[in-house]
Amino acid sequence: MKILAFAGSTSSTSINRELVKFVLKDFQDEEINLIDLNDFTMPVFSVDLEKKGFPDEAHRFLKVIEECDVIICSLAEHNRSYSAAFKNVFDWSSRINVKVFQNKPMLLMSTSPGGYGGGNVMNTAKTFFPQFAADIKDTFSLPKFYENFDMESGVINPDILKDLKDKIQNFKNQITTNE
């Protein structure tokens, strides 16, 4: 199985990237493509720029989705929505193919320093991603990242860790029954 994994952030210290890397430890026997949105930097989307053509990076983003079997991502929340970097990649890609996520099974996550764990961006994504052909199998939000996550150990709150492990197992069960 080929896993595409990414954080919806371009920060070099992305907590969402740390969450993705922690979850990927449960998929060590799989082929993993952990991408960095910094490799997909494009001009800010506009209809005027679209008339001149689509950036190669948008085509490459769609290609890495096409080449995977499943998607694991964790979205950063900026002002209660997607980060500008992710939204821009998403906007360009959706203009090429409205089915951006190409019906791939997805484990959708978010985290933030606050107690809502990126819940606003999660709720937005749960509503809109299926309209762009995301097959969301499960979701997970990690609240209070700096209280519940250790960079060496990962999720340290036992109740939250159990919830995450249950969701990972549920995701695995769903994707293996679909093969």
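The exercises below, each with a worked solution, concern a predicted model.

**Exercise 1. Compare the expected span of helix α4 with the distance between its end C-alpha atoms.**

Solution. Begin with the extent of the helix, which covers residues 84-96 and therefore has 13 residues. The expected span is 1.5 Å times one less than the number of residues, and for α4 this gives 18 Å. In the model the end C-alpha atoms of α4 are 19 Å apart, which agrees with the expectation.

**Exercise 2. Find which residues of α4 are buried, and what covers them.**

Solution. A residue is called buried when its relative accessible area is under 20%. In α4 the residues that meet this condition are F86, N88, V89, F90, D91, W92, S93 and S94. The next step is to look at what lies against them: the cover includes the strands β1 (2-7), β3 (70-75) and β5 (81-82), together with the helices α2 (47-50) and α3 (56-66).

**Exercise 3. Classify the aromatic pairs F54 with W92 and F90 with F101, and say which parts of the chain each one ties together.**

Solution. A search of the whole structure finds 18 aromatic pairs. F54 and W92 make one of them, with ring centres 6.0 Å apart and 85° between the planes, and the pair is edge-to-face because planes over 60 degrees apart are counted in that way. Since F54 belongs to the loop between α2 and α3 while W92 belongs to helix α4, this pair ties together parts that are 38 residues apart in sequence. As for exposure, F54 has a relative accessible area of 31% and is partly exposed, whereas W92, at 1%, counts as buried.

Turn now to F90 and F101, whose centres are also 6.0 Å apart; here the planes are 25° apart, and the pair is stacked because this angle is under 30 degrees. F90 lies in helix α4 and F101 in the loop between α4 and β6 (104-111), so this pair ties together parts that are 11 residues apart in sequence. Both F90 and F101 are buried, and both belong to one aromatic cluster, whose other members are F6, F40, F61, Y82, F86, F129 and F132. One member of that cluster, F40, also has R60 over its face, at 4.7 Å from the ring centre.

**Exercise 4. Describe the largest nonpolar core and the place of F86 in it.**

Solution. In soluble globular proteins, nonpolar side chains tend to be buried together. The largest nonpolar core of this model has 30 residues, and those with the most contacts inside it are F61, I71, F86, F101 and F129. At least two residues of this core come from each of β1, α3, β3, α4, β6 and α5 (119-128), and the largest share, 5 residues, is supplied by α3. When residues up to four places away in sequence are not counted, F86 touches F6, G8, L37, L75, F101 and F129. There is also a second, separate core of 23 residues, which includes A5, V70, F140 and I160.

**Exercise 5. Explain why C73 and C68 do not form a disulfide.**

Solution. A disulfide is a covalent bond between the sulfur atoms of two cysteines. Here the cut-off is that the two sulfur atoms lie within 2.5 Å. The cysteine sulfur closest to that of C73 is in C68, but the distance is 11 Å, too far for a bond. Both residues are nevertheless buried, C68 with 4% relative accessibility and C73 with 0%. A search of the whole structure finds 0 disulfides.

Methods:
Residues are numbered from 1 along each chain as its sequence is written. This is a predicted model: local features need pLDDT of at least 70, side-chain atom pairs count only at pLDDT 80 or more; totals for chains, interfaces and linings use all residues. Side-chain values use heavy atoms; hydrogens and water are left out. Helices (H or I, at least four residues) and strands (E, at least two) are DSSP runs, numbered from the N terminus. Buried means under 20% relative accessible area, exposed over 50%, partly exposed in between (1.4 Å probe, protein chains only). Contact means heavy atoms within 4.5 Å. Rings of Phe, Tyr and Trp (its six-membered ring) pair if their centres lie within 6.5 Å; planes under 30 degrees apart count as stacked, over 60 as edge-to-face and the rest as tilted. A charge sits over a ring if NZ of Lys or CZ of Arg is within 6 Å of the ring centre and within 35 degrees of the ring normal. A nonpolar core is a set of buried Ala, Val, Leu, Ile, Met, Phe, Trp, Tyr and Cys residues joined through side-chain atoms within 4.5 Å.
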